[in-house]
Amino acid sequence: MKKSLFLYLFIIAVLMNLFTYKYFTGKENSMKFNAGKESNTVANDSAKVADLENQLYEANYFSLEQNDRAINYLNQNDINAFSEKVKQALLAFNDDKEGNKYTDQVKMGEQKFIINKVKLLNHRWIIANYSNGEIWGEVLLKYFVNDDQSISFEVMSSYLYPKDLN
């Protein structure tokens with residue numbers, strides 16, 4: 001009886017060692033496989049980041065902040081403060097009771113046309129989005145920095161989208 005007990009214990013010990021060995025070798029292979037997957041994920045993520053950076057560069061190609069020649073022409077130390085000054089000067093015309101005169105639209109009914117969004121393209125041009133709450137349009141403006149550092153504007157072209165009939 002004592003011999004068969006030792007035989008059973010020996011068989012159980014061998015089986016436990018066998019299962020432990022199999023478990024740890026499988027875990028090691030799994031870790032190697034996952035490490036390969038992680039490096040692929042990192043490579044994919046860095047490719048996506050590079051793609052997004054390229055898209056951002058393309059989207060900002062026509063912007064004052066990215067145009068070194070326009071910045072040099074304006075001779076401004078803080079181009080962001082200058083951009084904000086120009087935007088605020090244009091948006092100040094929204095307070096007029098007839099609407100912003102630089103939308104190139106007359107007041108229709110009760111609602112006046114006001115400029116909603118402004119983008120400085122370079123040292124001379126601005127594109128802006130405007131609406132009266134129902135009808136939307138876009139306008140291309142010239143702007144000038146006067147000798148007294150005030151900003152003046154001139155409408156180059158304006159487009160009013162047709163009203164949606166849906």
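**A tour of the largest pocket and the aromatic pairs**

The largest pocket holds about 300 Å³ of space. The model is a predicted one, and this pocket is the starting point of the tour.

Select Tyr57, Asn60, Tyr61, Phe62, Gln66, Asn67, Asp68, Arg69, Leu121, Asn122 and Trp125 to display the lining of the largest pocket. Coloured by class, this lining shows 5 nonpolar, 4 polar and 2 charged residues.

Next, reduce the selection to Tyr57, Tyr61 and Phe62, which ring pairs link into a cluster. These three residues are also among those lining the largest pocket.

The aromatic pairs in the model number 8. For one of them, show the side chains of Tyr61 and Phe62: the ring centres are 5.0 Å apart and the planes stand at 90°, over the 60 degrees required, so the pair is edge-to-face. A surface view adds the setting of each ring. Tyr61 is partly exposed, at a relative accessible area of 46%, whereas Phe62 is exposed, at 59%.

Now move to Phe82 and Tyr143, an aromatic pair with 6.4 Å from centre to centre and 45° between the planes, which makes the arrangement tilted. To follow the chain on either side, select helix H3 (residues 79–91), which contains Phe82, and strand E3 (residues 136–145), which contains Tyr143. The two residues are 61 residues apart, and their pair links distant parts of the chain.

Are these two rings buried or exposed? Phe82 is buried, with a relative accessible area of 5%, and Tyr143 is likewise buried, at 0% relative accessibility.

Key
Residues are numbered from 1 along each chain as its sequence is written. This is a predicted model: local features need pLDDT of at least 70, side-chain atom pairs count only at pLDDT 80 or more; totals for chains, interfaces and linings use all residues. Side-chain values use heavy atoms; hydrogens and water are left out. Rings of Phe, Tyr and Trp (its six-membered ring) pair if their centres lie within 6.5 Å; planes under 30 degrees apart count as stacked, over 60 as edge-to-face and the rest as tilted. Buried means under 20% relative accessible area, exposed over 50%, partly exposed in between (1.4 Å probe, protein chains only). Helices (H or I, at least four residues) and strands (E, at least two) are DSSP runs, numbered from the N terminus. On a 1 Å grid over the protein atoms alone, a cavity is a set of points where a 1.4 Å probe fits but cannot get out, and a pocket is an open set with protein on both sides within 12 Å along at least five of seven lines; lining residues have an atom within 4 Å of a point. Grid points are joined across faces, edges and corners, and a volume is the space filled by probe spheres set on the points. Ala, Val, Leu, Ile, Met, Phe, Trp, Tyr, Cys and Pro count as nonpolar, Asp, Glu, Lys and Arg as charged, and the others, Gly among them, as polar.
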